[in-house]
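Reader: I should like guidance on reading a surface where protein meets nucleic acid. Where does one begin?

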Amino acid sequence: MAIVKIDAVGGYEGQSVTICGWLTHKRSSGRIRFLMLRDGTGTIQATLIKGETNEHALDLYSELLQESSLAVTGTVRRDKRAPGGYEILVSDVEAFQVADTYPIAPKEHGVGFLMDHRHLWLRSSRQWAILHVRHTVINAARRFFDDQGFTLLDAPILTGASCEGTTTLFETDYFGDRKAYLSQSGQLYMEAGAMAFGKVYCCGPTFRAEKSKTRRHLTEFWMIEPEVAFADLETIMKLAEALIVAIVEEVLKTRQQELHLLERDITRIEKIRPPFYVISYDEALQILKDAGESLPWGEDFGGSQETIVSNHFDKPVLIHRYPAQIKAFYMKNDPDRSEVALCLDVLAPEGYGEIIGGGQREDDTAILKEKIEEAELLAEDFKWYLDLRRYGSVPHAGFGLGIERTVAWLCGLEHVRESIPFPRLMDRLYP
RNA sequence: UCCCCAGUAGCUCAGUUGGCAGAGCAGAUGGCUGUUAACCAUCGGGUCCGCGGUUCGAGUCCGUGCUGGGGAGCCA
């Protein structure tokens, strides 16, 4: 007897198969009974009829509660009345386990309750769709870099120093006499990698101890961070655009069913084709001014300002050359205009905010030393980083793409917490 | 850290002017020969978030704490 996955039953019409899965639902009408089964690849209706199904299975039916784990054996039939087009005419049912009363009913639930049951919530069709899109986003991004000759170079998660202030760092004890921090970014290490391999990227979790309670923030989130030697801002802007295009194409190609299930307006994603919009910080300020939300030059955008700018466009918008004073110490200043940094942010459409941040790195030892001092960082922590400029410094650039915000945007989610299997938020470490 | 909202059955919620604690779903029992979140009937199920106060009487009003949600600040 073949054990068949639900998404493959179409190839077994008329044959007897066994499907192993979980009970999502059951219904009955007189002597005919229905089990809805889920196995991770899809759902299918199994039909029990007196006379065709054995007595053991008919008796078992009445004991089964939602999420009981089952092996269902029967004949695959095409039937218009069955959701999905195929059903199993059951000959026998065995239970691996009869579930206790399942807390998540097929009705509505509040966010807090679902988050407390995240380990079970993952079984619902909506989460199935979202996390499939996440899988594809990560895979598409990695394939994009692999195909262009990048080397995957994983960055450490435990680090000895902060690259920004210590206020947003998670601190942990390191063998009693020292402190270690959870990485906020793999970037500095990718710079070292770029000097060794030319083109590198990392993909992994990063941590921010920001006390942010918004729909765009997690304390643990994943980034894909490429870094390229002999590259300037323009090169990296082209790379950022091409990466997003590659991700969108792959999601549209392989995740139609998931997007449909999420009731995502696919036409808005189909618009995401090159070229994207490219504006300077100064031009973004003008857009805000025209919208009646003037901001003095030198200030960073808040969430509402980002939304105003991104709503101005139907595709992602690349914003370059922010004031140097609001950007990190390692950003290279524009030689033609020293008050701005050669940096790049990409805002997703529909108010999903910044999905990419990056730019060209400072490659001059003396200037970088100065900037480290200005940022009041410990010079000795960055000795190795300065070495990269002492031994064959080259122009180089890179960026980080936030996985969760990208997934939230493509899926049309209201909050990034659904775009990662087990979200970590300011007040939530369970489950 | 600040602002706003909420906390009543396992879940989602209603509860009028302060006067006997309610519905739908889930669960149990029974009915129905093709159901689509089936339907119909019956039944069980309560620390009304905690503490304090006002009152003859508090789910309801006041104070306070806790928890959750939304937002702000913050966010290379």
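**Reading the RNA-facing surface**

Author: One may begin with a single polar contact. In this predicted model, a backbone N or O atom of K211 is placed 2.7 Å from a base nitrogen of RNA strand B.

Reader: Which elements give two or more residues to the surface near RNA strand B?

Author: They are strand 2 (16-29), strand 3 (32-38) and helix 2 (111-116). With 4 residues, strand 2 contributes the most to that surface.

Reader: What lies 2.6 Å from a backbone N or O atom of R81?

Author: The partner of R81 is a base oxygen of RNA strand B. For R27, by contrast, a polar side-chain atom lies 2.7 Å from a phosphate oxygen of RNA strand B.

Reader: Which residues come nearest to RNA strand B?

Author: Here one passes from individual pairs to the surroundings of the strand. There are 47 residues around RNA strand B, and H25, Q184, R208, R215 and H217 come nearest. Of the RNA strand B atoms that come within 4 Å of the protein, 47% belong to sugar and phosphate.

Reader: How many nonpolar, polar and charged residues has the surface near RNA strand B?

Author: A count by class gives 18 charged, 17 polar and 12 nonpolar residues on that surface.

Reader: Into which domains is chain A divided?

Author: Chain A comprises domain 1, residues 2-97, and domain 2, residues 118-419. The centres of domain 1 and domain 2, taken over C-alpha atoms, are 46 Å apart.

Notes. Residues are numbered from 1 along each chain as its sequence is written. Chains are lettered from A and ligands numbered from 1 in the order in which they are written. This is a predicted model: local features need pLDDT of at least 70, side-chain atom pairs count only at pLDDT 80 or more; totals for chains, interfaces and linings use all residues. Side-chain values use heavy atoms; hydrogens and water are left out. Domain bounds come from an automatic or database domain assignment. A residue is near a molecule or strand if one of its heavy atoms lies within 4 Å of it. A polar contact is a pair of N or O atoms within 3.5 Å; within protein, one must be able to donate a hydrogen and the other to accept it, and residues adjacent in sequence count only if both atoms are side-chain atoms. Ala, Val, Leu, Ile, Met, Phe, Trp, Tyr, Cys and Pro count as nonpolar, Asp, Glu, Lys and Arg as charged, and the others, Gly among them, as polar.
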